[in-house]
Amino acid sequence: MMVAGLRLSVALGAALALAAPARAEQVVVTADRMIDVLAGKAVEHPAVFITDGRITGVADARTVRWGSGVRHIDLTGKTILPGLIDMHVHLTGLAEVGGYQSLRYTDSFWTAVGVANARKTLKAGFTTVRNVGSEDFADVGLEQAIDGGYVQGPRIVPAGYAIGATGGHCDGGGLPPSMDRKSPSVVDSPEEARAKVRWLHKYGARVIKICATGGVFSLGDSVGAQQLTFEEMKAIADEAHMLGLKVAAHAHGNDGIRTAIQAGIDTIEHCSLADDETIKLAAQKKTWFDMDIYNDDYILATGIANGTEQESLDKEKLIGRLQRETFRKAVRAGVPMLFGTDAGVYPHGDNGRQFAKMVEWGMTPLQAIQAATVSGAKALGWEADVGAIAVGRYGDIVAVEGDPLQDVTRLEHVTDVIKAGVLVE
């Protein structure tokens, strides 16, 4: 009887142990200072408490204590910020392989490249990215692999294919009719546009990207010419919003930018040639501008060495300086601004170089940092999850030497990255 009782007791103990929830992992991160992007100020001697990946408290490290069961990440001598957000990347693209050179590689090559680029991006301090365009839903696959813990990378908001018109920026180009292949993302009516949004959503897109105008790297089109009608853009915006998705519009030319704003598109990418009236409209409607004002330096410096066609270089020379002047006007006019780099047009991992350009062209260091944190979170609709070191949000934190509020180039050299409370090695 005693043996049977002992067996029953052991069995019950084992069952209770299995039923009991695992002990929550607790982490505390300390540093010399923290940039509070919500309050717009630096905080001295922060202690950030993280439980199971979420921030549970922020205190003064000089006045609090933690037990031996709490893992301590000591960042003495450093400044911590929220994990950075890049709202315009192409993880499956390579700046080093441009123009027709890309045709030398098999289709699956680009997904494999995306794995390496995702890790580079994370190590550069960008813990969240919006991937605005990828063939074969490769960005959805990357998102799933990262979330499943199979590869390292940032949180990804994938778009899948970008929607465009026949012969437009999102329809390839540069090949003869005998090699014509209609891109899966091409639409030529409002009805087709609605159906395409539903198709993209079905297969994992969490943001919809459209090509409202021509582009620098599409061959045979005018960089500023509008390529989708108001009715097509409106159908896309309405359908996406009904499904709970945001919409981003690639738009260089003023007509396309203005039409996208009027159609209810959430964020306008590039915005190179927006005139004063369009900038005023964006400010009134609180439409986000997401302007990649660093990569002009890289594109023109490398020239044709990476395979870039002369036609694309000529377009970049036309709009590069004008885009930066538009950026300055938009900042002054109070247009809500985001941090988006178009990484993939220049090497991944160098995303942080854009901060200095944003300051050079009219922002304060704090405004540039907020564009890459709290503003990005708001534009994504992820205010509860990312964009600030605040209770309830993910424990996504980056550290730099010195004070980026005094020298924003510090953000080009991130020393430590923490994602959901885990230090990235």
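This tour moves through a predicted model, naming at each stop what to select and what is found there.

**The two domains**

Begin by colouring residues 26-82 together with 389-423 as domain 1, and residues 84-380 as domain 2. The centres of these two domains, taken over C-alpha atoms, are separated by 30 Å. Where they meet, 19 residues of domain 1 are in contact with 22 residues of domain 2.

The size of an interface is often given as the accessible area lost when the parts come together. Between domain 1 and domain 2 the buried area is about 1700 Å², and carbon and sulfur atoms give 70% of that area. Select Val37, Val408 and Lys419 next: they supply 31% of the area that domain 1 buries against domain 2, more than any other three residues.

**A charged pair across the boundary**

Side chains of opposite charge can pair when their charged atoms come close. How many salt bridges are there between domain 1 and domain 2? The count is one. To see it, select Asp396 and Arg155, whose side chains meet at 2.9 Å, N to O. Arg155 belongs to strand 8, whereas Asp396 is in the loop between helix 12 (374-380) and strand 14 (397-401), and the two are 241 residues apart.

Are these two residues buried or exposed? Arg155 has a relative accessible area of 12%, and because the limit for a buried residue is under 20%, Arg155 is buried. Asp396, at 5%, counts as buried as well.

**Helix 3 and its surroundings**

Move to helix 3, residues 138-147. Within it, select Ala138, Asp139, Val140, Leu142, Glu143 and Ile146, which are buried. Now add helix 2 (109-123), strand 7, strand 8 (155-158) and strand 15 (416-419) to the view; the buried residues of helix 3 pack against these elements. After helix 3 comes Gly149, with a positive phi near 80°.

**A cluster of rings**

The whole model holds 12 aromatic pairs. One of them joins Phe137 and Trp199 edge-to-face, with 5.3 Å from centre to centre and 65° between the planes. Phe137 is in the loop between strand 7 (126-131) and helix 3, while Trp199 is in helix 4 (residues 190-202), so that the pair links parts of the chain 62 residues apart. Phe137 is buried at 16% relative accessible area, whereas Trp199 is partly exposed at 28%.

Phe137 also pairs with Tyr203; this pair is tilted, with 5.9 Å between centres and 55° between planes. Tyr203 lies in the loop between helix 4 and strand 9 (207-211), so the pair ties together parts that are 66 residues apart in sequence. Tyr203 is partly exposed, with 41% relative accessibility. Add Tyr161 to the selection to complete the picture: ring pairs link Phe137, Tyr161, Trp199 and Tyr203 into a cluster.

Keep Trp199 on display and show Lys196, whose charged end sits over the ring of Trp199, 5.0 Å from its centre. A comparable view is available elsewhere by selecting Arg54, which lies over the face of Tyr394 at 3.9 Å from the ring centre.

**Salt bridges of helices 4 and 5**

A search of the whole structure finds 17 salt bridges. For one of them, select Arg194 and Glu239, whose side chains meet at 2.7 Å, N to O. Arg194 is in helix 4 and Glu239 in helix 5 (residues 230-242), 45 residues apart. Arg194 is partly exposed at 31% relative accessibility, but Glu239 is buried at 2%.

Stay on helix 5 and select Lys234 and Asp238, which form a salt bridge of 2.8 Å, N to O. These residues are four apart, about one turn of the helix. Lys234 is partly exposed, with a relative accessible area of 31%, and Asp238 is partly exposed, also with 31%. A further selection, Asp297, Arg324, Lys357 and Glu360, shows one network joined by salt bridges that share partners.

**Two positive phi angles**

The last stops concern the backbone. Select His270 in strand 11 (residues 267-270). Its phi is near 80°, a positive value in a residue other than glycine, and His270 is buried at 4% relative accessibility.

Finish at Lys286, in the loop between helix 7 (276-285) and strand 12 (288-290). Lys286 is not a glycine, yet its phi is positive, about 55°. Here the side chain belongs to an exposed residue, as Lys286 has a relative accessible area of 63%.

Note on methods
Residues numbered from 1 in each chain as written. Heavy atoms only, no water. Phe/Tyr/Trp six-rings, centres within 6.5 Å; stacked < 30°, edge-to-face > 60°. Buried < 20%, exposed > 50% of the residue type's maximum accessible area, 1.4 Å probe, protein only. Lys NZ or Arg CZ within 6 Å of the ring centre and 35° of its normal. Domains from an automatic or database assignment. Contact = heavy atoms within 4.5 Å. Buried area = accessible area lost by both parts, 1.4 Å probe. Salt bridge = Lys/Arg side-chain N within 4 Å of Asp/Glu carboxyl O.
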